[in-house]
Amino acid sequence: NSDQYLQISITLFGKGDRLMLVQDVTRLHNLEKMRQDFVANASHELRTPLTVISGYLETLGDHLDQLPRPWVRPVQQMGKQAKRMENLIADLLTLSRLETSQIEYAAEPVDMDHLLRQILHDAEALGTDKGQTITLEAEPGLCLHGREQELHSALSNLVMNAVKYTPDEGQIQIRWRRQGEGAVFEVQDNGIGIDPIHIPRLTERFYRADPSRTSESGGTGLGLAIVKHVLLRHEATLQIESQLGKGSLFRAKFPASLLVSLEQEA
Ligand code: ADP
């Protein structure tokens, strides 16, 4: 029956004895599908009115000098919060596209040198204001077969988090290199760090290690959930190492099957 979903698990015990468990998970699967559809539809419907509100607030923001004084701060705050909501909705839509595996564009060789330089450039725009030093070491010509837009969004999320959660004058290192048969992307910072008890749950939607400190960072709480889904779609794994008060290391490992060298392409 094509509308039925079964989960089969096999446990080995004793001398080659096996226990096979077949569970009907159709209801669970349908509920999950309903949740995904609801989030996707709600986000989609919210986007248009919000774009209008945000647009008007931006226009008002451009003419602050003509507003009565008591209005200035409320208009600025509303503009800021509307932008935040726009980011949240954009992230929710990205996440639901990734979750439902809607493939919008095919995988192709991605020039990682170029992609990482773009990410570095955007990170520097934020980080330099905080007096941070951001370095990039990328193995030349090491390309990935993947979806550029998705990879950009995932890797940039990791780098922007390092910038957000590292205090002024901190150091952030971005690395991309071969490792074993595959390749690794790493972002290391000497920022606020994460208590190890939170690490297993960090990629859950809206999970925050320290809500009081992180909500003021302006993030949506969906960044690492997006990272997880993009990496999953690229058969890559995410490792997180961190020490509270010392800093964090986020490492994405890509399999050999996705590597392409520029010479191979030429
Ligand atoms: P947010 O929008 O809150 O940054 P993310 O999903 O990107 O959401 O990250 C989830 C949480 O993981 C953050 O709220 C923060 O507590 C923690 N985190 C992520 N990256 C770092 C980092 N480099 N250093 C310290 N904490 C981090």
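**Notebook: a buried strand residue, helix packing and two positive phi values**

I began with leucine 249, which counts as buried because its relative accessibility is 8%, under the 20% that sets the limit for the term. The model I am reading is a predicted one, and I keep that in mind for each entry below.

**Entry 1, leucine 249.** I placed leucine 249 in strand β9, which runs over residues 247-254. I then looked for its distant partners in sequence and noted valine 187, which is 62 residues away along the chain, while the two C-alpha atoms are 5.7 Å apart in space. Setting aside neighbours within four places in sequence, I listed the contacts of leucine 249 as Arg175, Glu186, Val187, Gln188, Gln239, Ile240 and Glu241.

**Entry 2, the whole chain.** I stepped back to the protein chain, in which I find seven helices and 10 strands. Its C-alpha trace spans about 80 × 45 × 45 Å along the principal axes, and of its 266 residues 36% are buried. Among contacts with a separation of 6 or more, I see that 66% join residues 24 or more positions apart. The chain exposes about 16,200 Å², and carbon and sulfur atoms supply 54% of that area.

**Entry 3, α1 against α2.** I next looked up how helix α1 (residues 26-62) lies against helix α2 (residues 69-99), and found that their axes come within 8 Å and cross at roughly 150°. The two helices are therefore roughly antiparallel to each other, since the term applies to angles over 145 degrees. Their crossing is left-handed, and by class the contact of α1 with α2 has 13 nonpolar, eight polar and six charged residues.

**Entry 4, serine 43.** Which residues does serine 43 touch, once those up to four places away in sequence are not counted? I found Ile89, Leu92 and Leu93. Serine 43 itself lies in helix α1, and I record it as buried because its relative accessibility is 4%.

**Entry 5, α2 against α6.** I turned to the packing of α2 with helix α6 (residues 223-233), where the angle is about 30° and the axes are 10 Å apart. That makes α2 roughly parallel to α6, because angles under 35 degrees take that term. I read the handedness as well, and α2 passes α6 in a left-handed crossing. On the α2 side the contact is made by Asp91, Thr94, Leu95, Leu98 and Glu99, and on the α6 side by Ala225, Ile226, His229, Val230 and Arg233. I sorted the residues of this contact by class and have five nonpolar, two polar and three charged.

**Entry 6, positive phi values.** I looked at backbone angles and noted phenylalanine 206, whose phi is near 65°, a positive value in a residue other than glycine. Phenylalanine 206 sits in the loop between β7 (182-189) and α5 (211-214), and I classed it as partly exposed because its relative accessible area is 44%. Glutamate 235 also caught my attention, as its phi is positive at about 55° although it is not a glycine. Where is glutamate 235 placed? I located it in the loop between α6 and β8 (237-243). With 53% relative accessibility, glutamate 235 counts as exposed, since that term applies over 50%.

Conventions: Residues are numbered from 1 along each chain as its sequence is written. This is a predicted model: local features need pLDDT of at least 70, side-chain atom pairs count only at pLDDT 80 or more; totals for chains, interfaces and linings use all residues. Side-chain values use heavy atoms; hydrogens and water are left out. Axes are lines fitted to C-alpha atoms, for helices over the stretch in contact, and angles run from 0 to 180 degrees between N-to-C directions. Helices (H or I, at least four residues) and strands (E, at least two) are DSSP runs, numbered from the N terminus. Angles under 35 degrees count as roughly parallel, over 145 as roughly antiparallel, 65 to 115 as roughly perpendicular and the rest as oblique. A crossing is left-handed if the near helix is turned anticlockwise from the far one by less than a right angle, and right-handed if clockwise. Ala, Val, Leu, Ile, Met, Phe, Trp, Tyr, Cys and Pro count as nonpolar, Asp, Glu, Lys and Arg as charged, and the others, Gly among them, as polar. Buried means under 20% relative accessible area, exposed over 50%, partly exposed in between (1.4 Å probe, protein chains only). Contact means heavy atoms within 4.5 Å. Accessible areas come from the Shrake-Rupley method with a 1.4 Å probe; for residues, only the protein chains shown count as cover.
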